[in-house]
Amino acid sequence: MPREIDEAWVEEAIARYRRIESLRDEFDKAVRATEVTVRSPDGLVEVVVTAAGEVTAVRVVGSLAGRGNRDLSVSLTTTIAAATDAARWARDKLRAETFADYPPLGES
């Protein structure tokens with residue numbers, strides 16, 4: 001038995017799909033453009049990372065006086081790890097803001 005096609009439902013589904021695609025494009029652009037700056041606890045190193053996780057800058061901003069290679073390595077490692085977490089946080093926040101009207105599948 002053939003079913004009737006609900007054209008209004010199909011049109012609404014297409015419109016929602018297009019809106020989600022548009023929001024995804026906005027989200028992708030925002031993720032690439034949003035930067036987070038993280039500084040090491042000792043104030044020696046600063047790392048800038050995009051919400052996409054791309055490290056765009058690593059700077060030694062504190063004094064190296066009295067510090068050895070190991071100190072610098074620890075500061076870099078710690079700060080890059082924190083920058084990764086900061087990028088994830090920024091990405092999650094952007095996702096929540098961008099797709100606030102669209103809960104994950106399975107939720108109402």
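**View 1. Ala30, a partly exposed residue of helix 1.**
With a relative accessibility of 23%, Ala30 counts as partly exposed, because buried means under 20%. Everything you see in these views comes from a predicted model. Ala30 belongs to helix 1. Look for Thr98 as well: Ala30 and Thr98 are 68 residues apart in sequence, and their C-alpha atoms are 9.5 Å apart in space. Thr98 is one of the buried residues of helix 2.

**View 2. The whole chain, for orientation.**
Let us step back for a moment. The protein chain contains two helices and three strands, and from the N terminus on these elements follow the order α-β-β-β-α. Measuring along the principal axes, the C-alpha trace of the protein chain spans about 85 × 25 × 20 Å. What radius of gyration does the protein chain have, and what would a compact globule of 108 residues have? The protein chain has 22 Å, while a compact globule of 108 residues would have one near 13 Å. Of the 108 residues in the protein chain, 23% are buried. Now take the contacts with a separation of 6 or more: residues 24 or more positions apart account for 48% of them.

**View 3. The surface and charges of the protein chain.**
The accessible surface of the protein chain comes to about 8,000 Å², and 52% of this belongs to carbon and sulfur atoms. How many positive and negative side chains does the protein chain have? There are 15 positive and 19 negative ones, and the centres of the two sets lie 7 Å apart.

**View 4. Helix 1 and its buried residues.**
Helix 1 covers residues 7-33. Its 27 residues should span 39 Å at 1.5 Å a residue, and the end C-alpha atoms are indeed 39 Å apart, so the two values agree. Which residues of helix 1 are buried? They are Leu23, Phe27 and Val31. Here is a handy rule for reading such a list: an α-helix has 3.6 residues a turn, so residues three or four places apart point the same way. Strand 2 and helix 2 are among the elements that cover the buried residues of helix 1.

**View 5. Ala15, another residue of helix 1.**
Ala15 also has its place in helix 1. Is Ala15 buried or partly exposed? Its relative accessibility is 44%, so Ala15 counts as partly exposed. Along the chain, Ala15 and Lys93 are 78 residues apart, and 25 Å separates their C-alpha atoms.

**View 6. Helix 2 and what its buried residues pack against.**
Helix 2 runs through residues 69-98. It has 30 residues and reaches 43 Å from its first C-alpha to its last, close to the 44 Å expected at 1.5 Å a residue. Try finding its buried residues one by one: Ser75, Thr79, Ala83, Ala86, Ala87, Ala90, Leu94 and Thr98. Which elements do these buried residues pack against? They pack against helix 1, strand 1 (35-39) and strand 2.

**View 7. Thr79, buried in helix 2.**
Zoom in on Thr79, which lies in helix 2. Thr79 has a relative accessibility of 1%, so it counts as buried. Not counting residues up to four places away in sequence, Thr79 touches Val38, Arg39, Ser40, Val45 and Val47.

**View 8. Thr50, buried in strand 2.**
Thr50 sits in strand 2, which is made of residues 45-50. Why does Thr50 count as buried? The reason is its relative accessibility of 3%. Setting aside neighbours within four places in sequence, the residues in contact with Thr50 are Val31, Arg32, Thr34, Glu35, Thr56 and Ala87. Two names here may look familiar: Val31 is among the buried residues of helix 1, and Ala87 is among those of helix 2.

**View 9. Ala52, in the loop after strand 2.**
Ala52 is in the loop between strand 2 and strand 3 (55-60). Its relative accessible area is 43%, so Ala52 is partly exposed. Beyond its neighbours within four places in sequence, Ala52 is in contact with Val31 and Arg91. Ala52 and Ala90 are 38 residues apart along the chain, and their C-alpha atoms are separated by 8.7 Å.

**View 10. Val60, in strand 3.**
Our final stop is Val60, found in strand 3. Val60 counts as partly exposed because its relative accessibility is 43%. Which residues is Val60 in contact with, leaving aside its neighbours within four places in sequence? Those residues are Leu44 and Leu72. From C-alpha to C-alpha, Val60 and Ser75 are 9.5 Å apart in space, and in sequence they are 15 residues apart.

Notes
Residues are numbered from 1 along each chain as its sequence is written. This is a predicted model: local features need pLDDT of at least 70, side-chain atom pairs count only at pLDDT 80 or more; totals for chains, interfaces and linings use all residues. Side-chain values use heavy atoms; hydrogens and water are left out. Helices (H or I, at least four residues) and strands (E, at least two) are DSSP runs, numbered from the N terminus. The radius of gyration is taken over C-alpha atoms; the globule rule is 2.2 Å times the number of residues to the power 0.38. Buried means under 20% relative accessible area, exposed over 50%, partly exposed in between (1.4 Å probe, protein chains only). Contact means heavy atoms within 4.5 Å. Accessible areas come from the Shrake-Rupley method with a 1.4 Å probe; for residues, only the protein chains shown count as cover. Lys and Arg count as positive and Asp and Glu as negative; His and the chain ends are not counted. The place of a charge is taken as NZ of Lys, CZ of Arg, CG of Asp or CD of Glu. The expected span of a helix is 1.5 Å times one less than its number of residues.
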